[in-house]
Amino acid sequence: MHEALYGPAGFFVRARPASHFLTSAQSPLFARALARLIGELDEQLGRPDPFDVVDVGAGGGELLANLQPLLPGRARLRPVEIGDHIPDGIVGLLLATEWLDNVPLDLAQDGRYLHDGEPVSAPDAEWIQRWWPNPEGTVEIGRERDKAWAKAVSHLNRGLALTVDYGHFLGTRPSAPTLAGFRDGREVEPLLDGSTDLTCHVAIDSAAAATGLPWTVLTQREALHWLGVNGTRPPLELAYHDPAGYLRALAEASEAATLTDPNGLGGHWWLLHPLGCAL
Ligand SMILES: C[S@@+](CC[C@H](N)C(=O)[O-])C[C@H]1O[C@@H](n2cnc3c(N)ncnc32)[C@H](O)[C@@H]1O
């Protein structure tokens with residue numbers, strides 16, 4: 001999986017994520033909601049200068065580009081992509097949207113890895129015992145994601161770490177593998193030749209616990225409602241007084257509906273770790 005995504009001919013080495021699938025991070029409305037969150041956080045932190053916004057797994061940088069004009073001049077925006085270092089001593093927001101689902105993992109069944117049939121290592125066996133006991137079928141071992149998230153969060157000095165992704169929790173682990181491939185906007189057979197994105201849902205609770213920090217989780221639908229995105233359609237009268245404004249409001253309502261759809265992006269999880277501040 002690592003080679004297929006990040007090797008010399010890997011999918012993400014050749015492709016820009018936004019050309020292959022729609023994510024919340026590409027939406028200007030999502031950026032506006034985050035800007036609201038950042039405004040709250042900025043107050044809580046006493047308006048630090050600079051206020052860091054670090055986006056791990058930034059892809060084409062669409063989210064930061066949409067955020068930039070909405071934030072004060074003190075904001076220091078940093079995209080982090082594969083091969084970059086996450087800066088130390090972050091004060092502000094450490095963000096990762098749809099990153100962890102692309103962190104490679106091993107699949108196992110009946111105590112053996114699917115790729116080579118070898119027995120799983122002791123640390124993986126422990127992870128399965130703790131986080132995915134009594135699996136009915138294939139286990140997607142989240143240990144590498146846990147390590148990746150814990151390491152990223154360790155760079156936060158004060159503020160909020162937030163990751164947004166699709167995932168599951170103890171007691172609701174899927175019985176069928178979630179491994180999926182995407183290419184050109186469509187779900188396709190997951191191939192290991194670098195021609196498709198490869199993604200597996202994230203064990204959100206194990207990633208959260210690995211940081212050793214307190215955490216809160218809510219659905220994207222809940223989070224965006226909290227931040228004032230509600231998808232209400234504009235009143236029809238507006239179309240008579242201000243047709244252009246009506247069309248804009250209608251487009252925004254449709255964007256909000258996409259972002260909050262409980263069976264789509266709205267079902268993604270927002271995992272939040274406040275550090276040195278209340279939220
Ligand atoms: C699905 S894309 C998400 C892009 C963007 N955040 C969004 O939501 O549209 C996942 C991105 O994570 C990047 N990535 C994977 N592992 C990474 C790592 N260890 N450090 C930084 N970026 C990484 C990939 O290169 C890819 O651009």
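Colleague: How many aromatic pairs does a search of the whole structure find?

Modeller: This is a predicted model, and the search finds four aromatic pairs in it. Phe-11 and Phe-12 form one of them.

Colleague: What makes Phe-11 and Phe-12 an aromatic pair, and why is it called edge-to-face?

Modeller: Their ring centres are 5.2 Å apart, and rings pair if their centres lie within 6.5 Å. The planes stand at 75°; an angle over 60 degrees counts as edge-to-face, so this pair earns the name. Both Phe-11 and Phe-12 are also buried.

Colleague: Why is the pair of Phe-30 and Trp-270 called edge-to-face?

Modeller: The reasoning runs along similar lines. Its centres are 6.0 Å apart, with 70° between the planes. The cut-offs are 6.5 Å for pairing and over 60 degrees for edge-to-face, so Phe-30 and Trp-270 meet both.

Colleague: Let's turn to the ligand. What makes the approach of the Thr-23 side chain a polar contact?

Modeller: An N or O atom of that side chain is 2.5 Å from a ligand oxygen. The limit is 3.5 Å, so Thr-23 makes a polar contact with the ligand. The side chain of Glu-81 also has an N or O atom 2.7 Å from an oxygen of the ligand.

Colleague: How do you know that the backbone of Ile-82 counts too?

Modeller: A backbone N or O atom of Ile-82 lies 3.4 Å from a ligand nitrogen. That is within 3.5 Å, so it counts. Taken alone, the ligand exposes 600 Å², and the protein buries 90% of that.

Notes: Residues numbered from 1 in each chain as written. Predicted model: local features only at pLDDT ≥ 70, side-chain atom pairs only at ≥ 80, totals over all residues. Heavy atoms only, no water. Polar contact = N/O pair within 3.5 Å; in protein donor to acceptor, adjacent residues only side chain to side chain. Areas by Shrake-Rupley, 256 points an atom, 1.4 Å probe, with all protein chains shown as cover. Phe/Tyr/Trp six-rings, centres within 6.5 Å; stacked < 30°, edge-to-face > 60°. Buried < 20%, exposed > 50% of the residue type's maximum accessible area, 1.4 Å probe, protein only.
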